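Biologist: I'm new to this, so could you take me through a single part slowly? I'd like a close look at strands and aromatic rings between chains, in plain words.

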Amino acid sequence: MELTRRKALALGTSALVLTGLTGMPAFASLTEDAITELTGGAELGEGAVSITAPEIAENGNTVPIEVSAPGAVAVTLFADGNPVPAVATFNFGPLAASQTASTRIRLATTQNVVAVAKMQDGSFQKASANVKVTIGGCGG
Amino acid sequence: MASGVKPRVKVPKSASAGEAITIKTLISHKMESGQRKDGDGNVIPRSIINRFTTDFNGENVIDVTLEPAISTNPYFEFEATVPESGEFTFTWYDDDGDVYDTSKKIEVS
């Protein structure tokens, strides 16, 4: 087959589209799956939850994260660039003064940290923060 | 892992009734994630603390489920309400079945 300029262009474009589709980070969809499993596919609201995280973390081994979700009964943290997205679940008991908690987490690479909060009325709220990681924290 | 695990907790000595107090906890633990490999390329098996709870006079304050993505020497900071004088109990559950606990008294005036 003679390859004309037009055909070559068309081929190139379709190849690009294909790599674009398959090149999606697999970890991000793992997080989506984990969130769907948690919420049962319920709609995620935004606004009630906030994450405090550093914009740039020098060391991915200990990244300080604070999550605040007034009115939540439980907050689950996910890191969408880690080999395993789940990070921690905080269940707040009757004596918790505020639905706030801080901890330190490991991040393998630059990625989003997502918090999903289960509210008292059973609905779900979400917030995410992007953290740039200079040195990853999952070992080699 | 049962060696060298030492829980440390910071709770104010006194508070007024109904006040929100900040509690800080730290436990020394290597939190082996199960992702790392040793010099020979063998995966180092996972060994982490998988659950942490705080109770005050038997009533729950916070119950945390930990995954391997929690850093070495897990640190937590949170707030609790103290209705009366009593004792906080902090409990950590290790993958290998060990349970570490510590407690702190607080005076409420």
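Modeller: Two strands count as paired if DSSP finds at least two bridges between them. Keep in mind as we go that this is a predicted model.

Now take strand β7 of chain A, residues 96-105, which pairs with β6(B) in the antiparallel sense over four bridges. Want a spot to click on? Find A:Ser102, which stands opposite B:Glu77 in β6(B).

That pairing belongs to an open sheet of six strands, ordered β2(A)-β4(A)-β7(A)-β6(B)-β3(B)-β1(B), with antiparallel pairing. At the edges are β2 (50-52) of chain A and β1 (7-10) of chain B, each pairing on one side only. Neighbouring strands in this sheet are turned by 20° against each other on average, if you ignore direction.

There's another link between the chains. β6(A) and strand β5 of chain B (residues 59-66) run antiparallel and are joined by five bridges. Here A:Phe90 stands opposite B:Val64 in β5(B). From β5(B) you can carry on into chain B itself: strand β4 (residues 49-56) pairs with β5(B) in the antiparallel sense over six bridges, and B:Asp55 stands opposite B:Asn60. The hairpin of β4(B) and β5(B) has two residues between the strands, and B:Asn57 takes a positive phi near 50° there.

Let's step back to chain B for a second. It has zero helices and eight strands. Its C-alpha atoms fill a box of roughly 60 × 20 × 20 Å along the principal axes. Of its 109 residues, 41% are buried.

Now for the rings. A pair of aromatic rings is described by the distance of the centres and the angle of the planes. Over all chains, the structure holds six aromatic pairs. One of them is A:Phe90 with B:Phe76: the ring centres are 6.0 Å apart and the planes sit at 85°, and planes over 60 degrees apart count as edge-to-face, so that's what this pair is. The pair crosses between chains, with A:Phe90 in strand β6 (residues 86-92) of chain A and B:Phe76 in strand β6 (residues 75-82) of chain B.

Are those two residues buried or exposed? Buried means under 20% relative accessibility, so A:Phe90 at 0% counts as buried, and so does B:Phe76 at 1%.

Compare that with B:Phe88 and B:Phe90. Their ring centres are 6.0 Å apart and their planes are at 25°; under 30 degrees counts as stacked, so this pair is stacked. Both B:Phe88 and B:Phe90 are buried.

A:Phe90 also belongs to an aromatic cluster with B:Phe52, B:Phe76, B:Phe78 and B:Trp92. And a charge joins in elsewhere: the charged end of A:Arg104 sits over the ring of B:Tyr75, 4.2 Å from the ring centre.

Why look at burial at all? In soluble globular proteins, nonpolar side chains tend to be buried together. Here, the largest nonpolar core has 56 residues, and among those touching the most other members are A:Phe90, B:Phe52, B:Phe88 and B:Phe90. A second, separate core has five residues, including A:Ile35 and A:Phe124.

If you click on just one residue, make it A:Phe90: it stands opposite B:Val64, pairs edge-to-face with B:Phe76 and sits in the aromatic cluster.

Technical notes:
Residues numbered from 1 in each chain as written. Chains lettered and ligands numbered in written order. Predicted model: local features only at pLDDT ≥ 70, side-chain atom pairs only at ≥ 80, totals over all residues. Heavy atoms only, no water. Phe/Tyr/Trp six-rings, centres within 6.5 Å; stacked < 30°, edge-to-face > 60°. Buried < 20%, exposed > 50% of the residue type's maximum accessible area, 1.4 Å probe, protein only. Lys NZ or Arg CZ within 6 Å of the ring centre and 35° of its normal. Axes fitted to C-alpha atoms, helices over the stretch in contact; angles between N-to-C directions. Core = buried A, V, L, I, M, F, W, Y, C linked by side-chain atoms within 4.5 Å.
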